[in-house]
Amino acid sequence: MSGDGLLPRERTEVAPGAVHVPDWLGPMEQRELVASCRAWARGPVPMRHTRLPRGGVMSVQTVCVGWHWRPYAYSRTAPDVNGERVAAFPPWLAELGRRAVADAYDDPAAGAAYEPDTALVNFYDSSAAMGMHQDKDERSDAPVVSLSIGDTCVFRFGNPETRTKPYTDVRLASGDLFVFGGPSRYAFHGVPKVLPGTGDPATGLAAGRLNLTLRTTGLPG
Ligand SMILES: O=C(O)CCC(=O)C(=O)O
């Protein structure tokens, strides 16, 4: 058990098509991902708090790779930041995504067919959170691959119909993988809180939490 009365630290299908694989990334992969995220955070489009259409600002900071996400569209350049084209999506990240899908679903063919072309990298400081939402700006039903590094968070995974209950609270710790696809692809999900001081500075992240979600935009070019 995780010691907190929540789910055990073992591969768990939280909902149909939604799988949590604890400790999926090894220490070196986590360090390398942190280094890559630092480089992407510097530019060409820097990490920033995303502005929402109604004037709010997201508490997480985000940088995108491959395609730039802004509410609620993808583009190659970042008109809401500095107009630059975002960093290219590296082949090794697509390969990591394929391995993630294959492992989460225990299905090598599903892994081989996975072709992510964008990553949203979110940084949470100790007070950041993310409200319940659906990832639905992609024109593809391919699964979303989520990788977590640094402080543990409470990840709330719900259902495709409503942003309220039923949902399951899962603790995503450093190195954890969470994949959601199939019947859960459009499930509402969010991060109500981060648990400060739970990460290991050996990852290269002294404080806070990084989350990468790999997605397939389904967009041409
Ligand atoms: O930080 C997380 O674990 C979830 C991130 C998320 O929901 C998103 O980027 O849409």
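This is a transcript of a short group-meeting talk about the structure shown above.

Hi everyone, thanks for coming. Please keep in mind throughout that what we have here is a predicted model.

Let me begin with the overall fold. The protein chain holds 3 helices and 14 strands. Its radius of gyration is 16 Å, close to the 17 Å that the globule rule gives for 221 residues, so the chain is as compact as a globular protein of that length. If you want to picture the extent, the C-alpha atoms fill a box of roughly 45 × 35 × 35 Å along the principal axes. Buried residues account for 38% of the 221 residues. And for those of you who like contact maps: among contacts with a separation of 6 or more, 73% are between residues 24 or more positions apart.

Now to the annotation. UniProt, in an unreviewed entry, lists residues 115-218 as "domain: Fe2OG dioxygenase". Over that stretch the chain is 43% strand and 0% helix, and the C-alpha atoms at its two ends are 9 Å apart.

Let's move on to the ligand. Which residues are around the ligand? They are Leu120, Asn122, Met130, Asp135, Ser146, Phe155, Leu172, His189, Val191, Asn211 and Thr213. Three elements each give two or more residues to this shell: β7 (118-124), β13 (189-194) and β14 (209-215). In chemical terms, the shell divides into 5 nonpolar residues, 5 polar ones and 1 charged one.

UniProt's unreviewed entry also has something to say about sites. The feature "binding site" is placed there at His133, Asp135 and His189. These residues span 57 residues in sequence, yet no two of their C-alpha atoms are more than 8.7 Å apart, so they gather at one spot. Asp135 and His189 also appear among the residues around the ligand.

I'd like to take the two histidines one at a time. Histidine 133 sits in strand β8, residues 130-133. Is histidine 133 buried or exposed, or something in between? With 13 other C-beta atoms within 10 Å, histidine 133 comes out as partly exposed. Leaving out residues up to four places away in sequence, histidine 133 touches Phe188 and Gly190. Those two numbers sit on either side of the other histidine, as you can see in the sequence.

Histidine 189 belongs to strand β13. This residue has 27 C-beta neighbours inside 10 Å; the threshold for burial is 20 or more, so histidine 189 counts as buried. Its contacts, again leaving out residues up to four places away in sequence, are Met132, Phe155, Arg156, Phe157 and Gly158. Of these, Phe155 is also one of the residues around the ligand.

Next, the core. As a general point, nonpolar side chains in soluble globular proteins tend to be buried together. Here the largest nonpolar core has 51 residues, and Cys64, Ala119, Val121 and Val179 touch the most other members. Helix α2, residues 91-105, gives the most to this core, with 5 residues.

Let's look at two of those well-connected members. Alanine 119 is in strand β7, and with 28 C-beta neighbours inside 10 Å it counts as buried. Beyond four places in sequence, alanine 119 touches Cys64, Val65, Gly66, Phe89, Leu93, Leu212, Thr213 and Leu214. Cysteine 64, with neighbours within four places set aside, is in contact with Trp69, Val86, Thr118, Ala119 and Leu120.

Finally, some backbone details for anyone planning to check geometry. Where are the cis peptide bonds I want to show you? One joins proline 71 and tyrosine 72, with omega about 0 degrees, and tyrosine 72 is in the loop between β5 (68-70) and β6 (73-75). Another runs from lysine 165 to proline 166, with omega near 5 degrees; proline 166 lies in the loop between β10 (153-157) and β11 (168-172).

There are also positive phi values at non-glycine residues. Aspartate 23 has phi near 55 degrees, is placed in the loop between β2 (18-21) and α1 (27-42), and is partly exposed, with 13 other C-beta atoms within 10 Å. Aspartate 106 has phi of about 50 degrees and is found in the loop between α2 and α3 (108-112). Aspartate 106 is exposed, with 10 other C-beta atoms within 10 Å.

That's my tour. Thanks for listening!

Definitions and conventions. Residues are numbered from 1 along each chain as its sequence is written. This is a predicted model: local features need pLDDT of at least 70, side-chain atom pairs count only at pLDDT 80 or more; totals for chains, interfaces and linings use all residues. A residue is near a molecule or strand if its C-beta atom, placed from the backbone, lies within 6 Å of it. Helices (H or I, at least four residues) and strands (E, at least two) are DSSP runs, numbered from the N terminus. Ala, Val, Leu, Ile, Met, Phe, Trp, Tyr, Cys and Pro count as nonpolar, Asp, Glu, Lys and Arg as charged, and the others, Gly among them, as polar. A nonpolar core is a set of buried Ala, Val, Leu, Ile, Met, Phe, Trp, Tyr and Cys residues joined through C-beta atoms within 7 Å. A residue is buried if 20 or more other C-beta atoms lie within 10 Å of its own, exposed if 12 or fewer, and partly exposed in between; C-beta atoms are placed from the backbone. Two residues are in contact if their C-beta atoms, placed from the backbone, lie within 7 Å. UniProt positions are given in the numbering used here, feature names are shortened, and annotations may be inferred rather than shown by experiment. The radius of gyration is taken over C-alpha atoms; the globule rule is 2.2 Å times the number of residues to the power 0.38.
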